[in-house]
Structures are given as C-alpha cells and as structure tokens.
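Me: I would like a close look at one part of this structure, the packing of its helices. Please explain it in connected prose, and then add what else can be said about the model.

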Amino acid sequence: MKRTGVITGMSVAHARASVDEIDAAGGDSVRATVSDLLARDSVEEAFAITTCNRAEAFVVADRAVDGAAALESFAPDVRGGAVRRLDHEESLEHLMRVAAGMESLVLGEDQIIGQVRDAYEEARAAGGIGPVLEDAVTKALHVGERARTETAINEGVVSLGSAAVELASDETDLDDASALIVGAGEMGTLAARALDDTGVTEVVVANRTVPNAEFVASEVDADSRALPLAALAGALPDADLVITATGSPEPVLGRGDLADAGETVCIDIAQPRDVDPTAGELDDVTLYDIDALESVTRRTRERREAEAHEVEAMIDEELDRLLESYKRKRADDAISTMYAAADRVKAREVEKAVTKLEAQGGLTDDQRESVQAMADALVGQLLAAPTKSLRDAAAEDDWETIQTALTLFDPEFDAPPQSPDEGETGAGGTGTGGMPDAIADELDD
C-alpha cells in the first residue's frame, strides 16, 4: 500500500530574488529537475515549475525533514534570503496562490495557469505525480480557474508582455513607431497583441523558426512581417521599441548589436536574459528588464486589490477543503495498514488453530464459524480504540501519531509463523498450539 506523505517546497521567486538568482535555481527543464529529485532518498513524488519570474520545486516524503534535505540540491548557489522554504500546508496554499496569479509579478496574470498545467504534465511524464501532488496541483488549477471566472482579478494588464508595452508607452511616444518583437512564444505573442492598442504602425517579429514568427505577425492588425534571427541586426536600426522574449539560454542581443541601433527603448522580459545588461550603458539605448516592470505591475495591483480579497477568501475556503481531505486520507492510510497487518495475523492464527483442532477430532461447520467469529471480534474490539485515536489525531493535525502508527503496523513487520514446536504455551494465556484460551472455551461450549 502506498502511504500518504507530506509535501515540502522551495521557492525562488521575484518577491525575494533577482532575475539572475531565479535563473540559477532549478535545472535545465522541469522534467530534468523532477527526475533528479525523484532520485533522492525518501522522495516519493516531485513537481517543479520554472517561469520568467519563479523557479520552484515540491517533493513528497514520509517525513518533512527528508523532503527538505532532498530540496537542498535545487538552489545550492542562491543566497539564503532569496529562498523561501515551505512546509506541507504552506506548499498547498502557495500552489493555489501561484495558479490564481496571486504570486505573479502582474497580479492575476493569465498565462501562469497554463504554465502550471504544462509543468504538471511534464512532472507526470517524469513519473513525479502521485496521489499527494495529484490532489495538490489539480486543486491549484481548479482555484486558478475559479479566480478568473468568478472575479475580475485578470482584467487590465494581465501579462508581462502587456506590462512591457504599457511601460514602453510611459517611456516613449509609440505613435507611428516601429516595434520589433524578438521571440514568437507566448510572451512575444502577448506583447504583439498588446501593441495593437497603441499607435505603433509596424510590428516586426524575429524568431529562430520563421513560420512561428509569421503566425505571431498575423495576430496583429498593424503592418507586420516576420524575420529569422539571423536578420535581427539589420532590423534594429529601424526599431523604436524592442521587446525580447525568447527561450534562448544565451543572450540573443549583445552590446555590439545595439551600438548602432540609434535611439531605442529595449525591454527584456526573457528568463534567462536575452539582452546583455551592459547594452543599457549605451547613450541611445534605454534598457529595462523584468525587475523594471514593478512600477507597471504596482498600478495593476492597486486596481485589483478588491478582487484580490475575493480570491484570498476563495483560497482559504479551498485550502480548508483540501486539508480535510488530506487528514482523512492520512488517517485512513494508517487505519488500513493497521487492519491489514492484524488481518494477516488473524488469518494465520485461525488457520493454525483450526488445523490443530481438526487433528484432535474434527470440527463442525458451526465450530469453524465460531473460531472465525471470535477472531474477527477480537480484532475489531482491539482496534476500535486505536482507530478512533487515529481519526482524532488527523483532525488535530497530529501527524507524528499517525506516522508512528504507520511505522508500528508496517506491512512487513510480521515475521513468518513459528514452527509447530515453538510457543506451545506462554504467558499470553494460550493453550494447545498457541491458540487463545478464549477460543478454546468457545469451542467447548
């Protein structure tokens, strides 16, 4: 039987960490991170998510201390102040907050729920999703959907792409301007669409895969065209605004690329960075990264404060439901283990008793049923009090008692049956063959 473990989490996110610190956490991919964590001692399940403003991992183990030890490999080079460690309940609440957009740089942004869903599928493919994380992540996705359908938390600026365009509008006149989008992924697409609400007259989309760039270019109403990344340098001098959002592990624009670009506002929303930070030192280049979007997202956060209170109440409600579910499952695991162990002992001892009694002259069907009934009654009565105690322990979040029960009634604890020559009599009040006296008395009646 698979036991129900506890979740331990680790988060390196924009609220505490810089772009570089987020980049330093985690692994090459969600699947690689999950596989690495599953290889750690005591880890039963694992989940990870990496976006432009967060890198997080969660593991399930029997003991929280084992989960915390396994996560030490997730962000070993990140300063302590940038790392947030989460216990079981905090992890559950945090996952809901992330999916609802409550932990995003842009409060209530929409694309995070898709990123959580994608990370869930990647973790599942890596074998990381078991019963505990299944409940946790699917509940988080459910909360994220509720937040967006039942409140207005996602109205207004809802993505880093649209926040980048709003920042650009604050910093430069976009009327009759030319914009260059580097990257044709989700962020690039959102930025391109947001440009349609400005006075930009031309949108150029550059991407390694040209058909993808053509698709994004077709999404906007302004004049647009697509380019391969190889042609990027030639497009820079004509661009008033450059927004970069690729998935490249290395910068796609260096200081030299922008040296002759003329007066340009460049907003880098990629993680890792797409633009060499030293390019911002050029006289004609104004460079912003994700951290610089804080002023834009602060205004959005203020507008959505009332909606956020509704989402907070929703999360509290759903968290209580999930915790109750976990408590019941945790107690039920311990109770099932306890009864399974007792039933194995009962079946073995009943078989031994019946065999010995058969050898002494045979048993009627009624007597055989009496032996079984006596054994069933003993198990039921002996385990009634522990069963109630375990349910009470779950209701009071007393995981230590439940874990102790799981250990005491480990499915492998009961040793092979003794040989017929062992334990014929003993202090337990047993008679022939180790059979309880109560059963013998029942048969004599």
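Reply: The account below begins with helix packing, continues with the backbone and ends with the largest pocket. The model is a predicted one.

Two packed helices are described by the angle between their axes and the distance between the axes. Helix α13, residues 305-359, is a suitable place to begin. Helix α6, which covers residues 131-150, packs with α13 at an angle of about 160°, and their axes are 10 Å apart. Angles over 145 degrees count as roughly antiparallel, and therefore α6 is described as roughly antiparallel to α13. The crossing of these two helices, α6 and α13, is right-handed. On the side of α6, the residues that meet α13 are Val132, Leu133, Asp135, Ala136, Lys139, His142, Val143, Arg146, Ala147 and Glu150. Their partners in α13 are Glu310, Val311, Met314, Ile315, Glu317, Glu318, Leu322, Tyr326 and Lys329. By class, the contact of α6 with α13 contains ten nonpolar residues, one polar residue and eight charged residues.

Helix α4, residues 88-99, also packs with α13, at an angle of about 135° and with the axes 10 Å apart. The two helices α4 and α13 are therefore oblique to each other. Their crossing, that of α4 and α13, is right-handed. From α4, the contact involves His88, Glu89, Leu92, Glu93, Met96 and Arg97. From α13, it involves Glu312, Ile315, Asp316, Glu318, Leu319, Leu322, Leu323 and Tyr326. Seven nonpolar, one polar and six charged residues make up the contact of α4 with α13. Ile315, Glu318, Leu322 and Tyr326 of α13 are listed both in the contact with α6 and in the contact with α4.

A further pair is formed by helix α7, residues 160-171, and helix α12, residues 294-303, whose axes come within 9 Å and cross at roughly 110°. Helices α7 and α12 are therefore roughly perpendicular to each other. Ala163, Glu166, Leu167 and Asp170 of α7 are in contact with Ser295, Val296 and Arg299 of α12. These residues of the contact of α7 with α12 comprise three nonpolar, one polar and three charged.

Two points of the backbone also deserve attention. Most residues other than glycine have a negative phi, and most peptide bonds are trans. Ser42, in the loop between α2 and β2, has a positive phi of about 75° although it is not a glycine. The peptide bond from Gln271 to Pro272 is cis, with omega near 5°. Pro272 is located in the loop between β9 (264-268) and β10 (285-288).

The last topic is the largest pocket, which holds about 1100 Å³ of space. It is lined by 36 residues, and those closest to its centre are Thr50, Thr51, Cys52, Gly247 and Gln271. Gln271 thus appears twice in this account, here beside the centre's other closest residues and above in the cis peptide bond. At least two lining residues come from each of α1 (19-24), α2 (30-38), β2 (45-51), α5 (111-125) and α8 (186-195). Helix α5 supplies the largest share of the lining, five residues. Sorted by class, the lining of the largest pocket has 14 nonpolar, 15 polar and seven charged residues.

Key: Residues numbered from 1 in each chain as written. Predicted model: local features only at pLDDT ≥ 70, side-chain atom pairs only at ≥ 80, totals over all residues. Heavy atoms only, no water. 1 Å grid on protein atoms, 1.4 Å probe; cavity = no way out; pocket = protein on both sides within 12 Å on 5 of 7 lines; lining within 4 Å. Points joined across faces, edges and corners; volume = space filled by probe spheres on them. Helix = DSSP H or I, 4+ residues; strand = E, 2+ residues; numbered from the N terminus. Nonpolar A, V, L, I, M, F, W, Y, C, P; charged D, E, K, R; others polar. Axes fitted to C-alpha atoms, helices over the stretch in contact; angles between N-to-C directions. Parallel < 35°, antiparallel > 145°, perpendicular 65-115°, else oblique. Contact = heavy atoms within 4.5 Å. Left-handed = near helix turned anticlockwise from the far one by under 90°.
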